[in-house]
Amino acid sequence: MTTQLPPGIQLEKIDDRIMTLNVGPQHPGSGHMRLIIKVDGDYIVSCDPDPGYVHRGEEKMAEYRNYIQNVPHLERPVIHDSSNILYPYCLAVEELLGIEVPERAKYVRVIAAELNRCIYTLYWLAIYGIFLGHSTMFMWPAGDRELFIDLLEAMSGARVTHAYLVPGGVRNDLPANFEERCLRQVDYFEKRLKEYQAVFYKNPILISRTEGTGILSRTDAIRLGTTGSVLRASGVNFDIRKKEPYDVYENLDFETVVMKEGDSYARSYVPYLEMFESCRIIRDAIRKMPKSGSVRTKLKPNPKGGNEEVYKRVESGRGALGYYVVSNNRPEPYRVKISVGSFRNLICMPYLLKGELLGNMPAVYWSLNYWPVEADR
Amino acid sequence: MSTIAPQFRLSRFIASLFDIIFWVLLIFSLVGLPIVFIVLFYIKMPIINGQMLTPYLAMTWMADPSRTLPIIKTLLHTTFFHVIAFPGFGFAALLAAATIFVERKFLAKIQLRVGPLYCGKIEGILQLMGDGLKLISKEIIIPAKADKPIFWVGPLLFVGTAGALVSLIPVARGWVVANPSVGLLAVFATIGFFPIISVLTAWAANNKWTFIGGLRALHQMIAFEIPLILSLLSVVILTGTLNLSQIAESQQHYWWIVFTPISAIVFFICILAELERIPFDLPEAESEIVAGWLTEFSGMMYGLIQLGTYLKLYAFAGLFTVLFLGGWNGPTVWPAFPADIITHGITIGPVTAKIAGLPLFDQDMLNGTLWFVIKTVGVILLILLPRGVFPRIRIDMLLHTGWYKLIGLAFINIFIALGLLYAGVLGPGGLIQ
């Protein structure tokens, strides 16, 4: 449109219409990351996620510590899912060092991992609630998290950073009467979960707000490489606990939760339903667990790995979490590469937010099950 | 639990209080009183009831209730008192403060928390005072590129407009600050100021978040003002008056919510939207636009906005009470003032005092105020409840609700009201004259 315009009349430039918003890192709805969002009126034209504000060099740090010293700092990226982020590391190191894990330890690990998955999911759900302006849904999961935190405290001695899973098993055996206490709390928790449904998931405003927003189709979900609940909410039946079972998951009775819609509602509903499955797993594991026995294989002091490499992955609260560990005949690993679900799910955010209303930004963003600290590592 | 004064001793505290009282009395009697008397000696005093006003006479006012009460009674009926204290600002601010406390405790109970607990020993009852002190003591930060005069005047305008709304609410028969014959129109006009204030302050702050928030506030308030006005129209049709006192008076036998329930619901939803409360708190949506049009306010400027918000909350709840719940009407539950005190006086030990000017408030007014407060508090609790239950809705749903659903519902009730009127159920010869 370079034609002559009448004097005094100008055409509106596209840049005049579009406003660039810097959402984060000091924004109540961003977390430790930044989203550069361009809006036209109330519609999002483009979204450019900018992670990296909490990069701590975990992978490099792992190269200067031996296999056991690496345990406490590797759980730092997701302190409220610390068992699951240590799980693949322990599996990989056990294979590198050729350690056999006692049978009871495998069950205890599964219990710890599922308890931790519930803790993570409740925390995530609390923030999802407050992102949508539902303050009750912030307080309830944050309060019910204490049930599992207390259990893990009884198991490991620490409330948040447990460092409970170590190469060769778990750090210490379960306390006395743990089984009854755990079952009691899980029973109570399932009752509470049903109340969540009444107040949150069946809420007409929530349904009308999240249904049909940020739809990720099945093919796009696979093509963009998403994992975990995001992938399962788009109709892909993929759970590493089922597909590549590790430890004793193949003996346990549970199902994969899959939803077909692929919208924000499905992405927020799948982790909720998975908490029921976690409760099932915990019950089953407590029933099938050997009642006594060793829980930790004694290691040599300062064990050395061979000249080999291992990749192990597990299903964490945010999807597939893999560790690629390379050793070269030294007590320290040569290279540790962590592949996390958060970062993979972040990739589809620009795709989902394009054309959405600004009001949908928190609903879509947090339904991706993204944890900024883990993504930066 | 408190760590503010670990060395606190109650006995020393009381002793220090006595100390202070002693010194104040000493200084007042040795220095203050002589100064007062010297001044009074030189000033020509007015003559009241045939007596010259002397310091002695002034002192008897304090000691003799039969001289004091008529003065107080006159004061109670001045416009000054109406504006400052009873049906006006003081009463509304007291109810607003109680609302904030109740809201926090109420929400805490829903969310399985305890709420404010430590400040003021009893269930954190002084938390609001602590918060107020904090806000007053905080620095007021003005953005460098803000339009300073408008930015400064925004919170004041907001409180002023909310106060204007409060002044139109009749609390008891004859107890209202401003009683124009078109009171309801005045309410509409006052409500119309709020979006202007929001947009002005949002624009003046020169910030993207305030800008988006201000525009959202504008959209929301205009979308809900029209159903709000329409929903009240059915009450106006039934009563035939715009005067709020007369509307309240007309509900002695039946409340209008009986005949116009749809209007009441529409009006209630509009209240939520006008007050920017959850689920309609889009202009302040925290996770989307930080704090919306309030983003740049700090210190007492934010405190003033909060004060205005809660005054507005009280005003709307009072409006709902007056229009739909019968205002001050209700069965007489307040006990009558004992008549023998007026005729025979009060006997305290050997002394019998006959006090002129009792009772200060008549029974009708106290009873009316009691009913008004009960109903208003009920409505306020209903307004607070959605905050614990609902998430925030989206702007497109909000506009759809306002422009489409609520306007339709309001019209339905207008037709119902007209039908009732022409069928003779209400109006001349009907249930209510």
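Colleague: How many residues does each chain bring to the contact between chain A and chain B?

Modeller: In this predicted model, chain A contributes 28 residues and chain B contributes 24. On the side of chain B that touches chain A, helix H14 (286-289) and helix H18 (395-422) of chain B each supply at least two residues.

Colleague: What makes up the side of chain B that touches chain A, by class?

Modeller: That side of chain B holds 12 nonpolar, nine charged and three polar residues.

Colleague: Turning to chain A, how many helices and strands does it have, and why is it called as compact as a globular protein of its length?

Modeller: Chain A has 16 helices and eight strands. Its radius of gyration is 23 Å, and the globule rule gives 21 Å for 377 residues; the two values are close, so chain A is as compact as a globular protein of that length. Buried residues account for 51% of the 377 residues in chain A.

Colleague: Why is Ser294(A) called partly exposed?

Modeller: Ser294(A) has 15 C-beta neighbours inside 10 Å. A residue is buried at 20 or more and exposed at 12 or fewer, so Ser294(A), with its 15, counts as partly exposed. Ser294(A) lies in the loop between helix H12 (264-288) and strand E6 (307-316) of chain A.

Colleague: Which residues is Ser294(A) in contact with, leaving aside its neighbours within four places in sequence?

Modeller: Those residues are Pro102(A) and Arg104(A). Ser294(A) and Pro102(A) are 192 residues apart in sequence, yet their C-alpha atoms are 6.3 Å apart in space.

Methods:
Residues are numbered from 1 along each chain as its sequence is written. Chains are lettered from A and ligands numbered from 1 in the order in which they are written. This is a predicted model: local features need pLDDT of at least 70, side-chain atom pairs count only at pLDDT 80 or more; totals for chains, interfaces and linings use all residues. Helices (H or I, at least four residues) and strands (E, at least two) are DSSP runs, numbered from the N terminus. The radius of gyration is taken over C-alpha atoms; the globule rule is 2.2 Å times the number of residues to the power 0.38. Two residues are in contact if their C-beta atoms, placed from the backbone, lie within 7 Å. Ala, Val, Leu, Ile, Met, Phe, Trp, Tyr, Cys and Pro count as nonpolar, Asp, Glu, Lys and Arg as charged, and the others, Gly among them, as polar.
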